[in-house]
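Me: Hey, can you walk me through this one? I'd like to start with what a word means before we look at any residue.

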Amino acid sequence: MAELIFALLALALFFALAMNRASFRTWAVAVAIYTLALQITFGFPLWSFAGWIVAGLLYALGLPGVKRTYITKPVFGALKGAMPSISKTEREALEAGTTGWDAELFSGRPNFAKLRNVAPLTLTDEERAFLDGPTEELCRKIDDWHIRHDLHDIPEEIWQFVREKGFLGMLISKEHGGLGFSAQAQSLVLGKISTKSPDVCIIVMVPNSLGPGELIEKYGTAQQKAHYLPRLAKGAEIPCFALTGPFSGSDAASMRDVGIVTKGMHGGVETLGVSLTWDKRYITLAPKATLLGLAFRLLDPDNHLGQGEEIGITLGLIPTDHPGVETGRRHLPSGAAFPNGPTRGRDVFIPMEWIIGGPDRAGQGWRMLMECLAAGRSISLPATSAAAAKAVARHSTAYARVRKQFGLPIGFMEGVEEPLARIVENAYGLEAARAVTASMVSAGEKPAVISALLKYMSTARMRGSVNDALDIHGGRGICDGPSNYLQSAYQMVPVGITVEGANILTRSLIVFAQGALRSHPYLLAEIEALNDEGRARGPRPLRDRVRRSPGLPVFERDGALFHNATLGFFAAAPVDAGETKRWWKQLSRAARSFALVADTTVALLGGGLKTKQKITGRMADALAELYLLSSILKRYQDDGRQWADRKLVDYCAQNCLARFDIALRGVMDNFPVRWAAWIMGPLVLPFGARRPAPDKDAKAIVRQALEPGAFRDRLTREIYLSEDPDEAVGLLELALAKTIANEEAEKKLERAIRKGEVQRFHDRDWIKEAETKNILSAEEARELADLRDLVARVIAVDEFPAEDLARNGRSGASSNQHLAAE
């Protein structure tokens, strides 16, 4: 019995010291005390002297000279060749933006107070009035089918409305004539518009996202701000920003667009400027723009600026009517109607004053872009993705309750229930992540890693929701026309997946590969030390690290094994978490596992991270699940811990953790250093991967969403809704309300049909027959007749004469000629 007690005591002591990152000297003292206790209890067996030897070695390793000679320098030498190098553009990307909750997750010991202190979803009175007033009015004005099919363009009256109401200047400060709205307000406005027309949303989104307005506001000269910002705010200038070229998409270092510092004529006067040659494509609003923002590589072969020949990536402002600027042609991204096209120029001379920020900002363009992208990417696509997820949840639950097959609403069928549960989960989770991230940006943060993570996660899950909605609607969803409320979202899905950093590269190269450097508590400092040419200076930042626990990384990273072995029972959680306390504990436990695998991955793969993109992609997936779960728990708290939402929160949390485990399992199953994978597996998943939420929980949340009420309204908040039966979504809501109100009468009619008392065929009025036979009262018959007509309209699909769908002689000849010329 005494042996067992001492064994358990040794294990507890080991965990306690490792989890508190004890120094070598503390370990030495603890081992000595433990050894002495053994000898007092069991006498002085020969084997116990090994404890004194271990204690002596640990104490010696804690001596500065010994530690430096036998640990720090050997570790430095071993890691120097393994750690990744950092290029100039990578460094600028890493230094752009801020870290916040992402750094807490990478640390393995997240401070929940930092997340819970982020402001809940709040708007000023002015922002709320704008969302409920002009934004609602704009949505009512939009004819999405007319835009997408008839015009294939945005009508001038819509452009005029967004100009007059200030939609194009939401991010521009009031000082410069804009609305000065918070990121939260911008996000909700964009989301609401997108649920009526993604095309119209984009013409509002681009001027309020990464582009000339934001760049001038943050970096422009006083003259640039005074001239351009009021004009941009009022829509007198329509901006676009040209970054992507045929040979430089995600690889900015390969940019071939070039500017040469030289002298030329401008306004009849010889002046110092830049001779520009560029070829850009996929530029949103370029065909309509009056002001072109342009990214290019600036060279100064004659050293006019005194900075050498290679100045670096620079940003310019060019009026599109300037001689030599080519715009106006259009791409057709996924056949969408928003303006998108190429821009080109050859030997176009501009004065130095047209550089954003003036000559002093020459060469700083990449840093400027990364800083703006960190904030802008947190707003636009997460806003539209969350809004789309909420809209398809609203419409699909209504349709699944109204549409009947086999005598019951299709939403009650388990085959349909399964995709509906995914839709409901995405609607809640994406809105949670959108809201908390927008609040961070509103507070002044520029979350570089989170913005990249949220962009790829939200657009991917939005695609899943739209696909599930189409499956549920069947033929009703795939037949396009004025009554199809899904087609425009489906059409625009690939655009969101592709822009602002294509999802494949964002997931596999940016979120973890750069996130590990940007958000890790000490990794970047270590790499800088390892890459320091001064070897005497290099190891110094590593000393604090090797001072810590000499045990396995799992124990050093806050006892991942301990918390996994105890199922998170002892993990940290907010004291007032209430009924969600267990999920906060599981989040804490998962963060420790993530930190362990992240540390091991970086330490053993080092510079190979850039090529092991399947590994980094799975690590990004794991981090995304942690962030999503964090956001869901915070939303539940911010929403006042609504009891009706608890089942949904439990469902989302369990699925997040299951997907998290699957992502880490995928890393370990495919980890190239196999001995490390064999060690990590039992430490991180000692009992295997957690299971997703059971079917009974999916049924419960879907049944809630199928019922009109507060739960469904919270789930789908801040999207465009209509009560007009002449609008497809208004008709759907009306049909849902009538379906619920007449449920008992419908059941009576269905029973009569099954018994053969009434026959339901198109050649007779079966409802009138049921009334005649006293199966239904006159009022019930009248209500069911109205409902029958409403449902018929809801499930109807549009049909057209063939001539209405003709292309009216459109030809691709000119386009083909242009491609041949290229």
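Me: So what does "buried" mean here?
Reply: Buried means under 20% relative accessible area. Keep in mind that this is a predicted model.

Me: Okay, try that on Gly559. Buried or exposed?
Reply: Gly559 has a relative accessible area of 0%, so it is buried.

Me: And where does Gly559 lie?
Reply: Gly559 is in the loop between helix H26 (553-556) and helix H27 (560-565). In space, its C-alpha is 9.5 Å from the C-alpha of Gly108, though 451 residues separate Gly559 and Gly108 in sequence.

Me: Zooming out, how many of the residues count as buried?
Reply: 55% of the 822 residues of the protein. As for secondary structure, there are 38 helices and eight strands.

Me: What about contacts between residues 24 or more positions apart? How many are there?
Reply: They make up 76% of the protein's contacts with a separation of 6 or more.

Me: Let's talk rings. How many aromatic pairs are there?
Reply: A search of the whole structure turns up 11. One of them is Phe112 with Trp584: the ring centres are 4.9 Å apart and the planes sit at 70°, so this pair is edge-to-face.

Me: Why does 70° make it edge-to-face?
Reply: Because planes over 60 degrees apart count as edge-to-face.

Me: Which helices are Phe112 and Trp584 in?
Reply: Phe112 is in helix H7 (residues 112-116) and Trp584 is in helix H28 (residues 581-605), so the pair ties together parts 472 residues apart in sequence. Both Phe112 and Trp584 are buried.

Me: Got another pair?
Reply: Sure, Phe130 and Phe167. Their ring centres are 4.7 Å apart with the planes at 55°, so this pair is tilted. Phe130 lies in helix H8 (residues 125-132), while Phe167 is in the loop between helix H11 (156-164) and helix H12 (183-194), so the parts tied together here are 37 residues apart in sequence.

Me: Are those two buried or exposed?
Reply: Phe130 counts as buried at 7% relative accessibility, and Phe167 is buried at 0%. They also belong to one aromatic cluster, formed by Phe130, Phe161, Phe167 and Phe181.

Me: Switching to helices. At what angle do H13 and H21 pack?
Reply: About 50°, with the axes of helix H13 (residues 198-205) and helix H21 (residues 487-498) 10 Å apart. H13 and H21 are therefore oblique to each other.

Me: Which residues meet there?
Reply: On the H13 side, Pro198, Asp199 and Ile202 meet Ser488, Ala489 and Met492 of H21. The residues of that contact split into four nonpolar, one polar and one charged.

Me: Now strands. Which way do the residues of S1 point?
Reply: In strand S1 (residues 239-242), Pro239 and Phe241 point one way, and Cys240 and Ala242 point the other way. All of them are buried.

Me: In what sense does S1 pair with S4?
Reply: Parallel, over four bridges, with strand S4 spanning residues 291-299. Cys240 has Leu292 as its bridge partner in S4.

Me: Last one: what does His322 touch?
Reply: Leaving out residues up to four places away in sequence, His322 touches Val348, Phe349, Ile350 and Trp354. His322 lies in the loop between strand S5 (310-319) and strand S6 (340-351), and with a relative accessible area of 13% it is buried. From His322 to Leu291 is 9.7 Å, C-alpha to C-alpha, with their positions 31 residues apart in sequence.

How values were computed:
Residues numbered from 1 in each chain as written. Predicted model: local features only at pLDDT ≥ 70, side-chain atom pairs only at ≥ 80, totals over all residues. Heavy atoms only, no water. Axes fitted to C-alpha atoms, helices over the stretch in contact; angles between N-to-C directions. Helix = DSSP H or I, 4+ residues; strand = E, 2+ residues; numbered from the N terminus. Parallel < 35°, antiparallel > 145°, perpendicular 65-115°, else oblique. Contact = heavy atoms within 4.5 Å. Nonpolar A, V, L, I, M, F, W, Y, C, P; charged D, E, K, R; others polar. Buried < 20%, exposed > 50% of the residue type's maximum accessible area, 1.4 Å probe, protein only. Pairing = 2+ DSSP bridges. Phe/Tyr/Trp six-rings, centres within 6.5 Å; stacked < 30°, edge-to-face > 60°.
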